Amino acid sequence: MNPLTIILTIAAYFAFVLLIAWLSGRKSDNASFFTGSRKQSWYVVAFAMIGSAMSGVTYVSVPGMVAVSGFGYMQMALGFIAGQLVIAFVLIPLFYRMNLVSIYGYLEERLGVSSYRTGAWFFFISKMLGASVRLYLVCISLQLMVFGPLGIPFWVNVLITILILLLYTFRGGVKAVIWIDFLKTACMLLSIVLCTVFISRALGLGIGDIIPAVRDSGMSRMFYFDDPNHPQYFFKQFFGGMFTLIAMTGLDQDMMQRSLSCKNFRDSQKNIVTSSLLQTVVILLFLVLGVLLYLFAGRFSIQSGGDELFPAVATSGMLPVIAGIMFIIGLVSCSFAAGGSALTALTTSFTIDILGTAGKSEARVRKMREWTHVSMALCMGLTILIFNVLNSTSAIDAVYRLASYTYGPILGMFAFGILTRRRTLDKAVPLVSIAAPLICLILQLNSEKWFGGYQFSYELLIINGLLTFIGLLAMSRKEKDLAD
């Protein structure tokens, strides 16, 4: 594909996105920005959330990982379902009962102000790094396909990306995010289906031949029960997936902002259960597509793998032009929608949790929100540029590993608040929350030497949360003791 075709494709997509943002942002106020005024239909949110959990990292990394780990990612996907059930039937009723705008308000009421601020700051770090990693990947792809051939430097690429995010989220907030996620899901599904069909035809496979071809490829192993030391071991992946999902969705303002936009907690539960089952099917489709991509690359001597495989095949010129166009639309829609929702959530959390809105007028809060929104966008752009300087081509594995360190303390604080009736020393919570990830880093760096070859995977998040929980418990007392 030539750069002009890619530019026209992206321009057409964003013209449609900006139209959606304008329609959803009319007559918007702070309530519609933060929660969509809690008037969104659950089935609209459910369809939108199929794609909301999948960024550009998922879009290119999941198909590319089958050569190394086969269908092992489905072990995490099963854990995702278990995690969604915990969110639907434990967290959602709690958040609706407390009528929360920012979910970290729970920590203030249950544990205290220091815990509240700590949770908000860890979310800020987590989401800023995670969103920037995701956007960095799409910026790199666009640099290779568009900006590089035109002689445009990377920083201009990043500036354009950030400006686009600002344009469509500045007014509409979470309401715009939901409808753009709806569009993103439709584009992503259409892209997967069309690319699968075109690649299958190029390989001479009919619909009924796809499953046997995947089975015989040597890349379809799904379950790993044989070696507990291996990172792909089933229980590591399942429980890692479960707790990662709880932390990165249920305790993440970005993801929960969508679910809290439903009319009531029953509708929100329907949304979460429905979207979790559909997301599992979509992940399976990604993995099937990954096998077909490797078979295609081997047949036609395309020397690419991993994160570069899907872009290389889709834009190779060996498939119909529509395949390349749908890949670009799928990649851009996934990446920009994830970036836009992260920007909205960062603005919400920073405005409410860190700056504070209590006692301020609607006009004052609006002004604070708008300045915060611009500041978050600039910070995100700067982080992307830093990733580029470090030459960090991180992908889905890096995102989850970052989550193991930054979401662990949040998981531990919420678990302590929900599972116990004790009060901890609020002022010491920041120290515990910093110590737990540092201990996890030491354990990960020395695990093979200390534990007989054991390698940590995503279960590091569980250990991080458990260390935080134990630290809070060690400094806690029963509430009746505090009253004496």
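Biologist: How many aromatic pairs does a search of the whole structure find?
Modeller: The search finds 24 aromatic pairs. The model is a predicted one.

Biologist: Why is the pair of Y73 and F80 called edge-to-face?
Modeller: The ring centres of Y73 and F80 are 6.1 Å apart and the planes stand at 80°. Centres within 6.5 Å make a pair, and planes over 60 degrees apart count as edge-to-face, so the name applies.

Biologist: Are Y73 and F80 buried or exposed?
Modeller: Y73 has a relative accessibility of 6%, and F80 has a relative accessible area of 12%. Buried means under 20%, so both residues are buried.

Biologist: What makes F238 and F239 an edge-to-face pair?
Modeller: Their centres are 5.1 Å apart, with 90° between the planes. The limits are within 6.5 Å for the centres and over 60 degrees for the planes, so F238 and F239 meet them. F238 is buried at 18%, whereas F239 is partly exposed at 34%. Ring pairs also link F238 and F239 into a cluster with F223, F225, Y233, F234 and F235.

Biologist: How do you know that the charged end of K236 sits over the ring of Y454?
Modeller: The charged end of K236 is 3.8 Å from the centre of the Y454 ring. The distance must be within 6 Å, so that part of the test is met.

Biologist: Why does the span of helix α21 agree with what is expected?
Modeller: Helix α21 has 15 residues, 460-474, and at 1.5 Å a residue should span 21 Å. Its end C-alpha atoms are 21 Å apart, so the two agree. Among the buried residues of α21 are L460, L461, N464 and T468.

Key: Residues are numbered from 1 along each chain as its sequence is written. This is a predicted model: local features need pLDDT of at least 70, side-chain atom pairs count only at pLDDT 80 or more; totals for chains, interfaces and linings use all residues. Side-chain values use heavy atoms; hydrogens and water are left out. Helices (H or I, at least four residues) and strands (E, at least two) are DSSP runs, numbered from the N terminus. The expected span of a helix is 1.5 Å times one less than its number of residues. Buried means under 20% relative accessible area, exposed over 50%, partly exposed in between (1.4 Å probe, protein chains only). Rings of Phe, Tyr and Trp (its six-membered ring) pair if their centres lie within 6.5 Å; planes under 30 degrees apart count as stacked, over 60 as edge-to-face and the rest as tilted. A charge sits over a ring if NZ of Lys or CZ of Arg is within 6 Å of the ring centre and within 35 degrees of the ring normal.
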